Amino acid sequence: MSVQYDLSCKIIPQEGRLRVRGTAIISVPETKFLFVLNRGLKWKNVSQRIADEILPVNLQRTDERKVPGFYNGELWGLEATVEKDGIKQEPIVIDFEYGGQIHPPKKGSKKPTMGYIKSDFVELACYSAWYPVPLTMTAYMKFHITLEGPPNWTWEANGENSSSEVFDKTSVWTWNQERQVNDITLIGMPLRDAHIDPESFFWGTKRMVSSQKMFDKHIHKIRGMLENWLGPRGTEAPLRFVITPRQLGGAYNRAGMVVVGGGYPTESNLHNAVLQAMSHEICHDWFCKASPLTYDNWVDEALAEFCSIYIIDDYVNDDFLSSRITKTNERLEKAGDLPAIRNLVREQDESYAAFYFRGFLLLNDVAESVGITKFRKTIGEFARICTQNESITSESFLDLIQKKLGKESRSRMEKWLDYSGEGVPEL
Ligand SMILES: [Zn+2]
């Protein structure tokens with residue numbers, strides 16, 4: 001399923017408010033769609049368009065499925081007309097209007113506040129469900145956004161900025177994203193606070209970015225090394241690190257735009273670890289098409305760990321790899337009894353240790369069993385396949401492993417994927 005969004009947004013940072021008028025063009029003719037929307041946002045008009053006709057739709061709050069923990073929003077079921085006058089409606093076109101404020105996660109939910117509209121910074125992504133986020137996340141989206149904001153603000157989105165015009169009291173920005181992506185992310189701040197330097201990978205307020213610029217020269221080299229190994233990145237958008245004032249919740253990558261809450265630590269003893277964390281996010285440009293709603297997500301996170309750790313080991317020429325293997329084993333041990341990777345999805349707490357730690361050790365184990373060079377070459381081939389396909393699965397990864405490295409490597413991986421318990425399996 002894919003959804004094409006056309007959104008006209010008005011953001012008033014001083015009031016913390018958002019208003020959106022938009023259209024969603026949904027590729028699959030189904031009777032019912034499930035969307036997540038932030039509970040501070042109220043629907044106004046929602047209807048279906050068939051040719052020139054406007055049809056009512058049935059839009060209801062529902063709890064028929066659990067909203068994954070990383071979304072801060074309520075579930076809505078929308079029923080549309082699939083067939084009219086004997087003609088099947090494909091695609092389904094929904095017009096909608098909604099507005100309000102972005103509410104933080106409920107108290108006691110332990111969720112970090114990932115999205116907000118403040119007078120001096122705006123950060124909006126799928127986590128705060130600022131737009132109707134499709135629940136079936138095998139869904140990919142293309143989008144066109146027109147944003148009306150204050151005249152003296154600057155903005156970034158995970159699409160191609162096609163225009164920005166400044167008027168007396170407002171400015172209007174537009175973006176297009178023609179590739180299939182898994183989110184619509186919008187970040188903004190007053191121009192007077194902004195660090196603007198086309199030579200730098202960093203974007204954010206001057207105050208937050210100034211300490212980060214020391215990483216620019218390293219990122220430049222590491223990105224080149226990753227491209228040598230994995231092929232061209234899966235996006236044409238320039239790589240940039242957007243530093244936001246958020247203190248919790250970490251980083252996420254949206255088509256080359258890595259959004260980092262609070263920035264990276266700059267202490268010298270953490271230098272290599274920080275470079276690896278940055279590289280991990282860059283690696284998602286290749287592997288991000290594994291769905292976060294199924295266990296397939298392990299492929300994305302484990303490969304991002306594996307490739308970033310190996311590339312930093314190449315780069316710093318130290319014993320980085322062996323120290324990371326030791327550390328990862330310790331951290332996995334500490335996480336205790338864990339379900340099998342195959343029985344986990346991203347929103348479960350245990351998935352972090354299973355996908356990142358056990359996942360990395362799994363890949364490293366197979367690499368050592370067939371020879372590191374040979375394994376790295378296969379990962380390079382898989383990365384190229386990932387950027388050329390709309391989605392990737394654990395199965396497609398295993399198929400390639402079997403084809404290139406043999407049945408034994410595949411069954412070795414399967415043993416790891418099915419292993420539940422503490423630490424790593426004994427093979
Ligand atoms: Zn990651």
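Domain bounds here come from an automatic or database domain assignment. With that settled, let's work through this predicted model.

**Exercise 1. Find how far apart the C-alpha centres of domain 1 and domain 2 lie, and describe their contact.**

Step 1: Get the bounds. The assignment gives domain 1 as 2–193 and domain 2 as 213–418.

Step 2: Take the C-alpha centres of the two domains. They sit 29 Å apart.

Step 3: Look at who touches whom, with contact meaning C-beta atoms within 7 Å. On the domain 1 side there are 22 residues, and they meet 20 residues of domain 2.

Step 4: Break down the domain 1 side. Strand β17 (residues 171–181) supplies the largest share, three residues. By class, that side has 10 nonpolar, seven polar and five charged residues.

**Exercise 2. Work out where the largest nonpolar core lies relative to domain 1 and domain 2.**

Step 1: Start from the general idea. In soluble globular proteins, nonpolar side chains tend to be buried together.

Step 2: Pick out the hubs. The largest nonpolar core has 119 residues, and those touching the most other members are V242, V259, F287, A302, L303 and C307.

Step 3: See which element contributes the largest share. That's helix α4 (residues 297–316), with 11 residues.

Step 4: Check the domains. Both domain 1 (2–193) and domain 2 (213–418) give residues to this core, so it lies between them.

Step 5: Zoom in on one hub, A302. Skipping neighbours within four places in sequence, A302 is in contact with F355, G359, F360, L362 and L363.

**Exercise 3. Decide whether helix α3 is largely enclosed, and check its span.**

Step 1: Check the span. Helix α3 (residues 271–287) has 17 residues and runs 25 Å from first C-alpha to last, close to the 24 Å expected at 1.5 Å a residue.

Step 2: Count the burial. Of the 17 residues in α3, 12 are buried, so the helix is largely enclosed by the rest of the structure. Among them are L275, M278, H280, E281, D285 and W286.

Step 3: Name the partners. The buried residues of α3 pack against α2 (216–230), β22 (251–254), β23 (257–261), α4 and α7 (372–388).

**Exercise 4. Compare the radius of gyration of the chain with that of a compact globule.**

Step 1: Set the expectation. For 427 residues, a compact globule would come out near 22 Å; the chain has 22 Å, which agrees.

Step 2: Add the dimensions. Along its principal axes, the C-alpha trace spans about 60 × 55 × 40 Å.

Step 3: Add the burial for the whole chain. Of its 427 residues, 41% count as buried.

Methods:
Residues are numbered from 1 along each chain as its sequence is written. This is a predicted model: local features need pLDDT of at least 70, side-chain atom pairs count only at pLDDT 80 or more; totals for chains, interfaces and linings use all residues. Two residues are in contact if their C-beta atoms, placed from the backbone, lie within 7 Å. Helices (H or I, at least four residues) and strands (E, at least two) are DSSP runs, numbered from the N terminus. Ala, Val, Leu, Ile, Met, Phe, Trp, Tyr, Cys and Pro count as nonpolar, Asp, Glu, Lys and Arg as charged, and the others, Gly among them, as polar. A nonpolar core is a set of buried Ala, Val, Leu, Ile, Met, Phe, Trp, Tyr and Cys residues joined through C-beta atoms within 7 Å. A residue is buried if 20 or more other C-beta atoms lie within 10 Å of its own, exposed if 12 or fewer, and partly exposed in between; C-beta atoms are placed from the backbone. The expected span of a helix is 1.5 Å times one less than its number of residues. The radius of gyration is taken over C-alpha atoms; the globule rule is 2.2 Å times the number of residues to the power 0.38.
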